[in-house]
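Me: I would like to go through this structure by asking, for each label attached to it, what value stands behind the label and which cut-off the value is set against.

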Amino acid sequence: MTRPHLIAKLILLMAGIHLLMHSLSGIISIVSALHQNFVPETLTLRVCIEILKTIVTLVMSLLLLFWSGWLVRILTGQTPDRVEIVSNRWIIAGFRFTVCFCGLLCFYNRILMLFYYVPAIIKGPNALSYTTLQGQTSLISAKILVGILVEIAAWIITIYLILGAPHYINWQLRSSAVKQGVKI
Amino acid sequence: MSRYELKIIARIMLIGVGLYVALQTFLSIMSSLATITFTSSEKLKEINLILIPLGLYTVMVIVILYLLFRSATLFSDKIIGPEPLEETRISGIAFALRLVCVLAGVMFIYWSIPYLIVTVYQYITNMNSANSSGTRTINMGMSPITDIVKYIILLSLGVYLAYGAPHFVRWQVRMTLKQCNKMSQEQQSS
């Protein structure tokens, strides 16, 4: 892997993590759309838009995280003949800095949300439900339940990122070594 | 990479964050001024709710910017470390990790300070109105104390990270080198 390739990969990795976290919050948006009092036609449209948005974001994030090679080649263009190959040590370090930075930034939001969801876990879903004019509570509870599940997933991802995502980095290193071996 | 180059990178990154903070502050001041311009005279009393936290926030941001621009050398020296380590690769990895932590710390401080100021101000205002009228409004259905605690925790984390998070950086460097060695051993054996 050359230096431009590594830089491009790291930037795409940051974008991928951002989109992954965004797609997680998209799941909450879908449940929120279900909760709001729209007429059936608008509701279907709104839910479809939210689902489509979440799926597109998730697919894009997975592309950027796991199959970004083609995009890296487009971004860096044709590699000159004499290019310095970055050592494995710096590839590992570069990936670690990036995932660590993203993890720390995600950690900020996780702390914010922790203070929102902890009362719901302790006191039950009704602790955070706000009363509507129609007095709906069931979907609000479902929203909080989905929110808690999404939050748990987000916490797992954040902690994994802060720890340096060792398995992901090893996989990246192996895949780039394989590609170098076959001279793609 | 020489110490001079590392210092330049650290300074560029710090000034970059400073410029980002300056731009965001300018934009928030502009949007607040636009809100004040369109406020009717009856709601003039409520302007205090925007102006006082905004004023405090601006002062805090100016202090952060002053530290980032005027004392960039001091910060970059701190990020690189006082003495060169035995191996330059360890020094480089520690430098980059410390830089990551400092940048994340500055962002934590920048994000949490305005909310902390606003929450404390709203809490004090609510306390005063509760004393005079006997009623109190609670923001977002959550206790304002919880909000204050939340932002104090985030601010403390931000300060720790901006200081360079020495324990975290040491642990990360150790783990990075461990992973590097493991990978090189795997490659040698294959």
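Reply: What follows takes the labels in turn, starting from the chain and ending at single residues, and the model is a predicted one.

Me: What makes up chain A in terms of helices and strands, and how much of chain A is buried?

Reply: Chain A has six helices and zero strands, and read along the sequence it follows the pattern α-α-α-α-α-α. Of the 184 residues in chain A, 43% are buried, the word being kept for residues under 20% relative accessible area. Among the contacts in chain A with a separation of 6 or more, 80% are between residues 24 or more positions apart.

Me: How many residues are in contact between chain B and chain A, and what area is buried between the chains?

Reply: On the side of chain B 33 residues are in contact with 26 residues of chain A, where contact requires heavy atoms within 4.5 Å. The area buried between chain B and chain A is about 2800 Å², and carbon and sulfur atoms give 76% of that area. The rule finds zero salt bridges across this interface, while seven residue pairs, with both residues at pLDDT 80 or more, are in polar contact. Helices H4 (88–133), H5 (144–162) and H6 (166–189) of chain B each supply at least two residues of the side that touches chain A, and H4(B) gives the most, with 14 residues. By class, the residues on that side of chain B divide into 23 nonpolar, seven polar and three charged.

Me: Why is the pair A:Glu50 and A:Lys53 called a salt bridge?

Reply: The closest N and O atoms of A:Glu50 and A:Lys53 are 3.6 Å apart, and the limit for a Lys or Arg nitrogen and a carboxyl oxygen is 4 Å, so the pair qualifies. Because the two residues are three residues apart in helix H2 (residues 40–66) of chain A, A:Glu50 and A:Lys53 are separated by about one helical turn. Their labels for exposure are not shared: A:Glu50 counts as buried at 6% relative accessibility, whereas A:Lys53, at 46%, counts as partly exposed.

Me: Which other salt bridges are found when the whole structure is searched?

Reply: The search finds three salt bridges over all chains. One of them joins the side chains of A:Arg110 and A:Glu151, with 2.7 Å from N to O. A:Arg110 lies in helix H4 (residues 88–123) of chain A and A:Glu151 in helix H5 of chain A, so the pair ties together parts that are 41 residues apart in sequence. A:Arg110 counts as buried at 10% relative accessibility, and A:Glu151 is buried with a relative accessible area of 7%. In chain B, B:Asp147 forms a salt bridge with B:Lys150, the closest N and O atoms being 3.2 Å apart; both lie in helix H5 of chain B, three residues apart, about one turn of the helix, and both are buried.

Me: How do you know that B:Cys101 is in no disulfide?

Reply: The nearest cysteine sulfur to that of B:Cys101 belongs to A:Cys100 and is 5.9 Å away, whereas a disulfide needs two cysteine sulfur atoms within 2.5 Å, so the test is not met. The search of the whole structure likewise finds zero disulfides over all chains. B:Cys101 counts as buried because its relative accessibility is 0%, while A:Cys48, at 45%, counts as partly exposed.

Me: What makes A:Ala165 and B:Ala165 worth a remark on phi?

Reply: Most residues other than glycine have a negative phi. A:Ala165, although not a glycine, has a positive phi of about 40°, and B:Ala165 likewise has a positive phi of about 40°. A:Ala165 lies in the loop between helix H5 (138–162) and helix H6 (166–182) of chain A, and B:Ala165 lies in the loop between H5 and H6 of chain B. A:Ala165 counts as buried at 1% relative accessibility, as does B:Ala165 at 0%.

Me: Why is B:Leu116 called buried, and which residues does it touch?

Reply: The relative accessibility of B:Leu116 is 14%, and buried means under 20%, so the label applies. B:Leu116 is found in helix H4 of chain B and, leaving aside residues up to four places away in sequence, touches B:Ile148, B:Tyr151, B:Ile152 and B:Leu155.

Key
Residues numbered from 1 in each chain as written. Chains lettered and ligands numbered in written order. Predicted model: local features only at pLDDT ≥ 70, side-chain atom pairs only at ≥ 80, totals over all residues. Heavy atoms only, no water. Buried area = accessible area lost by both parts, 1.4 Å probe. Polar contact = N/O pair within 3.5 Å; in protein donor to acceptor, adjacent residues only side chain to side chain. Helix = DSSP H or I, 4+ residues; strand = E, 2+ residues; numbered from the N terminus. Nonpolar A, V, L, I, M, F, W, Y, C, P; charged D, E, K, R; others polar. Buried < 20%, exposed > 50% of the residue type's maximum accessible area, 1.4 Å probe, protein only.
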